[in-house]
There are 2 protein chains.
Amino acid sequence: MVRREALTYRSVGVDHQAISRSLRGFLRAVRPPRPSGHGRLRLGPGHFSGLVRVGRETLALTTDGVGTKVLLAEQLDRWEEVGEDLVAVNVNDLSAVGARPLALLDYLAIPRPEERILRAIGRGVGRGLRRARCGLVGGETAVVPELHRAPDLSGTALGYFPPGRPPVTGERIRPGDVALGLPSSGFHANGYTLVRRLVEREGLRLGSPLPGGGAPLGRRLLAPSRIYTPAVEALLAEKIPVGLAHVTGGGVRNLARLRSGVGFLLEGWPKPSGLFRWVADLSGLGPEELYQTFNMGVGFVVVVRSSSVDRALATLARAGEPKVWVLGRAVATPGVHLPALGVRYEGY
Amino acid sequence: MVRREALTYRSVGVDHQAISRSLRGFLRAVRPPRPSGHGRLRLGPGHFSGLVRVGRETLALTTDGVGTKVLLAEQLDRWEEVGEDLVAVNVNDLSAVGARPLALLDYLAIPRPEERILRAIGRGVGRGLRRARCGLVGGETAVVPELHRAPDLSGTALGYFPPGRPPVTGERIRPGDVALGLPSSGFHANGYTLVRRLVEREGLRLGSPLPGGGAPLGRRLLAPSRIYTPAVEALLAEKIPVGLAHVTGGGVRNLARLRSGVGFLLEGWPKPSGLFRWVADLSGLGPEELYQTFNMGVGFVVVVRSSSVDRALATLARAGEPKVWVLGRAVATPGVHLPALGVRYEGY
């Protein structure tokens with residue numbers, strides 16, 4: 001195999017350290033007021049969703065966007081998939097704290113008001129909302145060519161906790177608990193800046209299939225994020241999960257967000273296949289970079305007591321998730337450890 | 001005076017009809033599910049905020065951005081003001097349905113992670129949040145130079161209704177009620193595409209004062225939006241308002257959003273002064289275009305029973321709003337009528 005320079009996020013112009021530094025500067029500067037009654041924060045920035053209290057209700061809120069995957073949508077002129085992604089990136093973050101999605105607000109920042117494109121995005125948003133059983137309560141469409149080069153699709157979602165259901169923050173996880181992995185449908189909405197550079201560098205055609213055949217590369221890359229809400233709701237109805245994680249930017253490191261002092265030893269992560277094998281082979285990236293950039297086949301992780309594994313698998317099968325991996329288990333050593341790959345992440 | 005070609009939004013490349021058409025296409029395509037219990041919509045898109053029901057609570061949600069005012073911030077390299085605007089555009093929309101702001105989520109879409117700029121935006125966001133007594137429950141910073149030419153600052157806000165306070169949707173307005181106007185601090189976050197073209201066309205210097213003196217033009221144009229939440233909360237505590245309107249894009253036409261079948265006859269709108277006089281004189285725009293583009297001095301309208309006017313004015317004065325205009329009254333004829341200007345708008 002030809003030796004290539006590895007494509008890292010730094011090398012494609014994304015400087016995570018500078019972004020983190022700026023973000024910390026922003027949050028320090030805000031110094032928001034901390035309400036003591038209504039609006040009391042139950043869970044602040046850093047987890048998958050924020051939690052606030054209103055009367056007897058606890059509400060979950062999260063905001064996220066589709067990112068540069070829209071540039072692939074633009075290249076292929078297919079927009080339904082990223083519309084569905086807009087819903088998925090948000091409702092999955094609600095499910096990752098055990099909240100049931102209730103309402104979405106979309107924010108579409110677009111350079112031109114092209115009705116055909118907005119209708120296609122709308123069809124995808126609608127499909128995602130119906131899958132998550134989530135309403136649309138508002139939105140904003142900003143048509144500002146001077147700010148936007150390409151459509152930026154983002155949204156904010158509100159979730160609630162049905163009576164008797166507490167939030168699942170991961171604080172109940174203890175060593176010995178088991179991490180189950182639900183399959184992803186591809187890269188979901190993360191890693192596309194790198195993927196697009198790879199396609200460009202290798203001169204790949206989006207219309208041609210991967211080695212091994214199947215759908216054209218572009219269509220596979222554009223596959224919408226899976227929505228895990230129905231599966232997670234089925235598990236929550238049985239009070240099974242003690243921890244939940246949406247595997248997004250940061251990849252498997254997302255597990256480090258669940259409980260400080262507890263780590264994960266993951267000996268059963270599935271071997272990369274399909275797109276993940278493709279990106280590993282072509283990019284020249286080592287496993288450490290790969291597993292913190294892409295979901296590597298697992299889009300959502302459910303942590304359960306070891307005594308609940310069988311019940312969890314049966315519940316997931318009934319909810320339409322027959323293919324679930326036993327990824328590994330919680331351990332008393334912090335960090336996320338993939339021993340087969342020689343990779344250990346200390347935190348998120 | 002030299003005769004100039006009028007600068008309309010159409011002439012500066014903003015096609016409101018195409019935007020409305022695309023947006024209708026999007027909403028028709030979405031076909032979101034309509035939950036019947038939790039999450040039932042009380043008020044859909046079209047009003048200032050959406051309302052949803054969770055348990056015993058009614059919640060208000062809204063999402064909005066600062067728009068092209070950021071380009072002025074960029075030119076002047078001053079960012080605190082637009083940070084404050086990000087909060088204002090959202091919390092004022094919550095106040096316009098009578099909700100009390102509870103939590104904001106920011107969405108900062110920026111081309112580069114410049115810590116200095118993000119800190120300044122953060123200071124402005126913090127100032128706005130403290131003014132509105134609103135928390136920060138989450139946010140997302142997307143650093144994507146391929147999507148964004150300049151920072152796009154938007155957010156989503158959640159509000160609630162304290163026990164005993166119903167939403168104020170305008171449905172209780174009846175002919176004879178009185179519209180009171182609260183002063184704006186300038187253009188707030190609307191009309192900047194037009195204003196920037198005007199500055200450019202006239203070759204104006206942002207460092208020079210307006211005719212008549214005062215602060216430099218750029219600083220005046222950048223003044224942050226006023227936050228009306230404290231004033232509106234004071235009125236709501238006294239159960240005074242029957243209608244509330246945030247005067248944003250669409251200007252005075254926003255009053256047409258309150259109650260179908262009821263209109264407003266506004267004989268007491270203040271004469272344009274300061275920036276509003278300046279934009280009227282320089283732009284060549286007629287009153288019809290001016291009053292549907294800019295807030296023309298009034299940033300928020302409160303509709304009260306005629307018997308409550310004195311109590312409303314006293315409450316507003318105690319809340320720090322000594323300068324309030326009696327704009328006119330609700331009438332049985334739909335539309336918004338400014339007879340002194342010969343302008344009548346049929347709807348929003």
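**Figure 1. Surroundings of Ala60(A) in strand β3 of the predicted model.** Ala60(A) touches Ser49(A), Leu51(A), Leu94(A), Val97(A), Ala99(A) and Gly159(A), leaving out residues up to four places away in sequence; two residues are in contact if their C-beta atoms, placed from the backbone, lie within 7 Å. The residue sits in strand β3 (residues 57-65) of chain A; strands (E, at least two residues) and helices (H or I, at least four) are DSSP runs numbered from the N terminus. Ala60(A) counts as buried because it has 30 C-beta neighbours inside 10 Å; the cut-off for buried is 20 or more other C-beta atoms within 10 Å, for exposed 12 or fewer, with partly exposed in between, and C-beta atoms are placed from the backbone. The C-alpha atoms of Ala60(A) and Gly159(A) are separated by 4.8 Å, with the two positions 99 residues apart along the chain. This is a predicted model, in which local features need pLDDT of at least 70 and side-chain atom pairs count only at pLDDT 80 or more, while totals for chains, interfaces and linings use all residues. Residues are numbered from 1 along each chain as its sequence is written, and chains are lettered from A and ligands numbered from 1 in the order in which they are written.

**Figure 2. Surroundings of Val91(A) in helix α3 of chain A.** Helix α3 of chain A spans residues 80-95 and includes Val91(A). Val91(A) is buried because 32 C-beta neighbours lie inside 10 Å. Not counting residues up to four places away in sequence, Val91(A) is in contact with Pro101(A), Ala132(A), Cys134(A), Ala157(A), Ile227(A) and Thr229(A). From Val91(A) to Pro224(A) the C-alpha distance is 13 Å, at a sequence separation of 133 residues.

**Figure 3. Contact between domain 1 and domain 2 of chain A.** The domain assignment gives domain 1 (37-160) and domain 2 (178-345); such bounds come from an automatic or database domain assignment. The centres of the two domains, taken over C-alpha atoms, are 21 Å apart. Domain 1 places 32 residues in contact with 24 residues of domain 2. On the domain 1 side, α2 (69-76), α3, β4 (100-110) and α4 (115-132) of chain A each supply at least two residues, and α3(A) gives the most, with 10 residues. This side divides into 14 nonpolar, 10 polar and eight charged residues; Ala, Val, Leu, Ile, Met, Phe, Trp, Tyr, Cys and Pro count as nonpolar, Asp, Glu, Lys and Arg as charged, and the others, Gly among them, as polar. Chain A averages a pLDDT of 92, and 93% of its residues score at least 70; pLDDT is the predictor's confidence in each residue, from 0 to 100.

**Figure 4. Crossing of helices α3 and α4 of chain B.** The axes of α3 (residues 80-95) and α4 (residues 115-132) of chain B come within 6 Å and cross at roughly 35°; axes are lines fitted to C-alpha atoms, for helices over the stretch in contact, and angles run from 0 to 180 degrees between N-to-C directions. The crossing of α3(B) and α4(B) is right-handed, meaning that the near helix is turned clockwise from the far one by less than a right angle. Among the contact residues of α3(B) are Leu86(B), Val87(B) and Val91(B), and those of α4(B) include Ile121(B), Val125(B) and Leu129(B). By class, the contact has 10 nonpolar, four polar and five charged residues.

**Figure 5. Helix α5 of chain B and its packing.** Helix α5 (residues 192-201) has as its buried residues Tyr192(B), Thr193(B), Leu194(B), Val195(B) and Leu198(B). These buried residues pack against α2 (69-76), α6 (217-222) and α8 (274-283) of chain B. Just after α5(B), Gly203(B) takes a positive phi of about 60°.

**Figure 6. Exposed loop residues Asp77(A) and Lys239(B) with positive phi.** Asp77(A), in the loop between α2 and α3 of chain A, has a phi near 50°, a positive value in a residue other than glycine. Asp77(A) counts as exposed because it has 9 C-beta neighbours inside 10 Å. Lys239(B) also is not a glycine and has a positive phi of about 55°; its place is the loop between α7 (229-237) and β8 (241-246) of chain B. With 12 other C-beta atoms within 10 Å, Lys239(B) is exposed.
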